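Thanks for sharing this one with me. Here are my notes, set out point by point so that you can follow along in the viewer.

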Amino acid sequence: MTYHPKSDFMRVMIERGFLADCTDYQGLDEALMAGVVPGYIGFDATASSLHVGSLIQIMMLRWLQKTGHKPIVLMGGGTTKVGDPSFRADERPLLTPEQIDANIAGIKAVFSHYVDFGEGASDAIMANNDAWLDGLNYLGFLRDVGRHFSVNRMLSFESVKSRLDREQSLSFLEFNYMILQAYDFLELHRRHGCLLQMGGSDQWGNIVNGIDLTRRILDDQVFGLTTPLLTTSDGKKMGKSQSGAIWLNADLLSPYEFWQFWRNTTDADVGRFLKLYTELPIEECDRLGALEGSEINDAKIVLAGEVTALLHGRAAADAAEATAREVFERGGAGDDLPTVLLTDMEVAAGISVVQLIVRAGLAGSGKAAKRLIAEGGARMNDEALTDPGLVLDAGALAVPLKLSAGKKRHALVKLE
């Protein structure tokens, strides 16, 4: 990156590693210097919570506001009915309007931790594209908007080519997605003066379409900015773990488990993640990321604490760290660990330890749990588990049990 920005927002994006590409570096930089720039990122409501994979986008909206500009959180109530085909191997399952509304309600809570909503010039707003997509007149839309799109060009986008090259079906419904997303940018520009769309680099084609459409219909200039598609240093997609997605909503993933995910960051990723996911000064991120040996673990604790504090509050982050110290340093059970609650009825005839390992999220299946035991990676109350056929009754569960997979993953099993 050779461009030297004048605006605070572009400087943060470049220095902290957020920026993959921009449609017009100088034009956007000048707009950011000239006044408040409203910028948006779209989030489709395919689940009741976003996960860590969306956190880089959320942090961009936070930095946009912190540098004096206006974040627009666009909920894809309309586009979720279609599904984004970008780099999908197959078509998304379609959700009912009721499921979509419930998912949006679940997602909304997360954003209040990162941006301030209100009526001021730089206060964030939340929009829902269902407001303008649901009532579209099909023929009118084709005439006014569809005519600006070249099918030849749409077929050239990597997200479409990758599906067609694998000879996988791409439905007409999905093919329309990029037109609808372009229309979102046009509508947000009309309604809210939006000048900037941001997203992952897989959204580049969709963003460029929106810029072109806005120019063709309104003859206005708007901008696009993308982030790198994040993978961990070992090549895994950001936001996934052995036990599943790392959700942002506390009812789907406890603050302790969220903290633990960041504490388990690979050494090589610590400095980069500190810049992207915390607000610590760049120099401090570089210093912590350069630590070696056992000292890098201190940097990981800082990373986990800072990221968790932004989402769940400083008290939850401190509690998670205290629990971790109790578990790892003193062998305690910790009150904040993921917990499996069992009813008397469930244990009346006994319950297998393999079942409990799976229910605790320490293994993905019974087969995986048995393999964990066979390989010596499973422990109960800090003692090695050797018998995959072990069955526990109510007497054995009279006091809480601590199950462990390896040295870092733990859960409690209690009777209700």
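The points below go from the sheet to the helices, then to the salt bridges, a loop residue and the cores.

1. **The sheet.** Please keep in mind throughout that this is a predicted model. Its six-stranded sheet is open, and the strands are ordered E1-E6-E5-E2-E3-E4 with mixed pairing. E1 (21-22) and E4 (125-128) are the edge strands; each has a single partner strand, so one side of each lacks a neighbour in the sheet.

2. **Helices on the sheet.** Two helices are worth displaying together with the strands. Helix H2 (residues 25-34) packs on the sheet, where it touches E1, E5 (196-200) and E6, and its direction is at about 105 degrees to that of E6. Helix H3 (residues 55-66) lies across E2, E3, E5 and E6, and runs at about 165 degrees to E2.

3. **Strand E2 and Ile-41.** E2 and E3 (residues 70-75) run parallel and are joined by six bridges. Ile-41 sits in E2, which covers residues 38-43, and its bridge partner in E3 is Val-73. Is Ile-41 buried or exposed? With a relative accessible area of 2%, Ile-41 is buried, because the cut-off for that class is under 20%. Beyond its neighbours within four places in sequence, Ile-41 is in contact with Gln-57, Met-60, Leu-61, Ile-72, Val-73, Leu-74 and Met-198. Asp-212 is 171 residues away from Ile-41 along the chain, and their C-alpha atoms are separated by 17 Å.

4. **Helix H10.** A quick check on the geometry of H10 (residues 177-192) comes out well: at 1.5 Å a residue its 16 residues should span 22 Å, and the end C-alpha atoms are 22 Å apart, which agrees. H10 is mostly covered, as 13 of its 16 residues are buried. Gly-193 follows the helix and has a positive phi, near 65 degrees.

5. **A salt bridge inside H10.** The side chains of Glu-187 and Arg-190 form a salt bridge, with N to O at 2.9 Å. The two residues are three apart in H10, so about one helical turn separates them. As a reminder, an α-helix has 3.6 residues a turn, so residues three or four places apart point the same way. The partners differ in their surroundings: Glu-187 is buried at 7% relative accessible area, whereas Arg-190 is partly exposed at 43%.

6. **A salt bridge between separate parts.** Lys-300 and Asp-267 meet through their side chains at 2.6 Å, N to O. Lys-300 belongs to helix H15 (residues 296-312), while Asp-267 is in the loop between helices H12 (255-263) and H13 (270-277), so this pair ties together parts 33 residues apart in sequence. Lys-300 is buried, with 5% relative accessible area, and Asp-267 counts as partly exposed at 42%.

7. **Helix H14, and the wider set of salt bridges.** How many salt bridges does the structure hold? There are 16. Another of them joins Glu-284 to Arg-287, whose closest N and O atoms are 2.9 Å apart. Both residues lie in helix H14 (residues 282-289), three residues apart, or about one turn. Glu-284 is partly exposed at 28% relative accessibility, and Arg-287 is also partly exposed, at 46%. Elsewhere, Asp-8, Arg-11 and Glu-15 are joined into one network by salt bridges that share partners.

8. **Asp-219.** This residue deserves a look in your Ramachandran plot. Most residues other than glycine have a negative phi. Asp-219 has a positive phi of about 60 degrees although it is not a glycine. Asp-219 lies in the loop between helix H11 (204-218) and strand E6 (223-227), and is exposed, with a relative accessible area of 63%.

9. **The nonpolar cores.** The largest nonpolar core has 70 residues, of which Phe-258, Trp-262 and Tyr-277 touch the most other members. Outside its neighbours within four places in sequence, Phe-258 has contacts that include Val-52, Leu-55, Ile-246, Trp-247, Leu-248, Val-307 and Leu-311. A second, separate core holds 30 residues, among them Ile-125, Ile-207, Ile-211 and Leu-213.

Note on methods:
Residues numbered from 1 in each chain as written. Predicted model: local features only at pLDDT ≥ 70, side-chain atom pairs only at ≥ 80, totals over all residues. Heavy atoms only, no water. Helix = DSSP H or I, 4+ residues; strand = E, 2+ residues; numbered from the N terminus. Buried < 20%, exposed > 50% of the residue type's maximum accessible area, 1.4 Å probe, protein only. Contact = heavy atoms within 4.5 Å. Expected span 1.5 Å × (residues − 1). Salt bridge = Lys/Arg side-chain N within 4 Å of Asp/Glu carboxyl O. Pairing = 2+ DSSP bridges. Axes fitted to C-alpha atoms, helices over the stretch in contact; angles between N-to-C directions. Core = buried A, V, L, I, M, F, W, Y, C linked by side-chain atoms within 4.5 Å.
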